[in-house]
Structures are given as C-alpha cells and as structure tokens.
Amino acid sequence: MGVFLGVALAGSVVLIIILIIKQLFWRGRLKSIANKHVVVTGGSSGIGKCVALLAAKQGAHVTIIARDVQKLESAKSEILQACRNRDIQKVEYLSLDIGKSYENVEKSLNDLEKTMGPIYMLVNCAGTAICGKIEDTTTENLKYMIDINFLGTYYCIKAVVPRMKSTKEGIIVLTSSQAALLGVFGYSAYSSTKFALRGLAESIAMELNPHNVSVTLCLPPDTDTPGFAIEELSKPLETKLISAAAGLVNPEDVADQLIKDALSGKFFSTVGMEGFILTTLCAGMSPFSSLSELILQSLLMGLLRLVSACYLISFQRIILNCMKTRDKNKKSE
Ligand SMILES: *[C@@H]1O[C@H](CO)[C@@H](O)[C@H](O)[C@H]1NC(C)=O
C-alpha cells in the first residue's frame with residue numbers, strides 16, 4: 001500500500017513538472033499577422049507601443065489610438081522604422097478619446113477600416129491607474145478610470161465584433177492587470193475596473209469562440225512604463241510595500257508574451273512566476289486553452305491556495321506595521 005502511494009505521489013510530481021515545462025515553453029502553431037490590420041489602443045506609449053512595434057516587425061498594418069497627437073506622431077515614426085517591409089505596410093494613428101462616446105468610437109473605427117482594411121486584431125492597452133484609499137479617491141478619478149479602463153475597452157470591442165463575426169476570424173486582447181485577480185490595499189477603484197475586464201473577457205470568449213474569434217486577457221504585473229511612473233505618485237506606502245514583492249517588469253517582455261499568447265489563442269497571458277501562480281490559482285470558471293493546462297490547474301490549485309494564505313498574512317502584517325508607525329509618529333509630534 002505504502003509503495004503504491006509513493007509511486008502515485010512521485011508520478012504526480014513528475015507529471016506536474018512535465019506539464020509546467022510544456023505550459024511555459026511549448027505552443028502550437030501561431031497565427032500570422034503579416035499583412036493584417038492590427039489596432040492598438042494606448043499605442044503611443046508603454047505596453048501598447050511595444051505591441052505596435054512588434055506587430056510592425058511581424059509585417060502587420062498598424063493603427064495606434066491615443067489622445068495626444070504629439071505622442072502619436074512620434075510613436076508612428078518609430079513604428080514605421082520597425083516595419084519589416086516599409087513599401088507594403090501601412091502605419092496610421094487615430095487621436096480619439098475611446099471612453100467618451102460609443103457612437104464616436106464606432107464611426108472612427110468604421111472610417112479607419114475604409115482606409116486601412118478590416119481589423120483582424122484589436123489590442124486594448126489604453127488604461128490608467130490612480131491609487132488611494134477609498135475615502136481618498138475622488139469620484140472624478142473613479143469615473144476617469146471607469147471611462148478609460150472599462151468603457152474604452154468595451155466600446156472598441158463592441159465596434160469591431162460584428163465585422164469579425166461576419167468574416168469568421170479575429171483576435172481580441174484585453175489588457176487587464178494582476179490586480180484583476182486579487183484586490184489590493186489602495187486599488188479600490190483601479191482593481192474594480194480591471195476585475196470588470198475579466199468579466200467582459202470571459203463573456204465575449206464564450207460568445208465569440210464559436211465564430212473563430214479568440215479572446216486573450218493580459219494580466220501584467222507592475223510594468224516599467226510612463227503610466228506606472230505617474231501611478232507611483234499617488235501610491236500609498238502600503239500599496240508600494242505589498243506590490244514590491246512582485247518586482248517590476250519591462251513593457252517589451254509583457255508585449256512579447258501578449259502577442260505570442262494571443263496568436264496561439266491562449267485565454268490568460270501573463271509573465272513571471274507570480275503571474276503563473278495567480279492565473280493557476282484563480283482559474284475558477286475561466287476558459288482553458290488546452291487539456292494540459294486544465295490538468296495542471298486542477299493539480300496545483302489546492303496547494304497554491306495555501307501559498308496564497310501566506311501572502312495574505314504577510315500583506316496584513318505590512319498594513320498593521322504601517323498603522324503602528326503612523327500612530328507612533330503622531331504621538332511623538
Ligand atoms: C479561423 O481564423 C484563422 C485566422 O485567424 C483562419 O486562418 C482560419 O481559416 C479560420 N477558420 C475558419 C473555420 O474560418
């Protein structure tokens with residue numbers, strides 16, 4: 001009996017290791033975006049610009065959408081430089097506030113398709129983060145984040161879906177955040193908008209997969225972008241200490257993974273060990289992309305729940321310590 005259990009245990013450990021390796025390094029055939037039209041919102045900086053540059057390198061026609069015309073101009077010339085074949089590939093930009101009015105977004109994207117061709121891949125990267133405890137978050141900032149992070153993404157997707165369904169091909173990427181898998185001190189507004197994107201992604205994946213349109217939800221950790229630098233300004237000490245555990249990644253790495261995962265039709269796209277742990281732990285009722293992913297998640301979930309408890313306890317410690325230090329400082333004043 002003991003021998004049997006030992007063999008079973010060793011067998012599952014080996015199976016888990018094989019599946020992790022397969023999950024991290026093996027992907028099926030990637031779709032090609034050469035000569036296809038790729039639209040990137042938030043494409044003038046950060047992760048969005050890196051995605052646009054990679055798409056240009058892979059031979060796509062690229063349109064970037066953002067608000068600031070100057071940033072768009074300079075990003076456009078960078079993207080032109082990156083094109084594989086500058087004689088054929090087209091690069092365009094659209095100055096548009098995607099969170100304002102759906103009618104405006106729909107009309108702009110329809111007009112864009114007339115000059116640049118049907119949109120094959122829509123990568124939603126436009127987003128912003130303003131931190132603060134709930135009592136310090138102004139309703140203006142809350143609405144601003146809902147408009148850009150959630151409504152902007154929803155509007156762009158809603159506008160492109162009918163055409164993708166009728167042509168029976170397409171790829172949609174939503175850029176959310178690891179803060180879509182757990183709520184964190186100081187992120188009440190931001191995290192809410194990013195959780196919303198997960199609900200959106202899961203719903204449309206179910207609606208669109210039968211029509212040969214794939215949906216990918218990108219969940220980056222803190223990324224070294226201009227947007228992150230601004231976010232740091234509003235960040236409570238607790239939030240900084242809690243997210244310090246995960247470190248900072250490069251936008252190039254996030255973009256590279258995003259494109260690979262989207263072109264192989266994976267639902268979750270993430271980088272780093274925390275990303276793997278979080279998406280495995282929180283897979284719940286999310287779509288699975290392969291049998292091996294499903295088996296791996298089933299085998300690891302229970303164990304990772306215990307790991308998550310250690311993290312949660314350490315976060316509570318951080319918050320209590322910050323409170324104590326503030327109390328002390330107040331008393332000594
Ligand atoms: C599904 O889309 C891919 C490109 O994304 C295309 O190559 C393939 O032919 C499509 N399949 C069907 C059944 O339309």
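**Exercise 1. Determine how helices α5 and α6 are arranged relative to each other.**

The crossing of α5 and α6 is right-handed, a term for the near helix being turned clockwise from the far one by less than a right angle. This is a predicted model, in which local features need pLDDT of at least 70, side-chain atom pairs count only at pLDDT 80 or more, and totals for chains, interfaces and linings use all residues. Residues are numbered from 1 along each chain as its sequence is written, and side-chain values use heavy atoms, with hydrogens and water left out.

Next, take the axes, which are lines fitted to C-alpha atoms over the stretch in contact, with angles from 0 to 180 degrees between N-to-C directions: those of α5 (residues 139-167) and α6 (residues 188-208) come within 9 Å and cross at roughly 10 degrees. α5 is therefore roughly parallel to α6, the class for angles under 35 degrees.

**Exercise 2. Describe the residues around the ligand and their polar contacts.**

Start with the shell, where a heavy atom must lie within 4 Å of the ligand: the residues are Lys31, Tyr120, Lys168, Glu169 and Asn212.

Then consider polar contacts (pairs of N or O atoms within 3.5 Å). An oxygen atom of the ligand lies 2.5 Å from a side-chain N or O atom of Tyr120, and for Asn212 the corresponding distance from a ligand oxygen to a side-chain N or O atom is 2.4 Å.

Finally, the ligand taken alone exposes 360 Å², of which the protein buries 46%, by the Shrake-Rupley method with a 1.4 Å probe.

Note on methods: A polar contact is a pair of N or O atoms within 3.5 Å; within protein, one must be able to donate a hydrogen and the other to accept it, and residues adjacent in sequence count only if both atoms are side-chain atoms. Helices (H or I, at least four residues) and strands (E, at least two) are DSSP runs, numbered from the N terminus. Angles under 35 degrees count as roughly parallel, over 145 as roughly antiparallel, 65 to 115 as roughly perpendicular and the rest as oblique.
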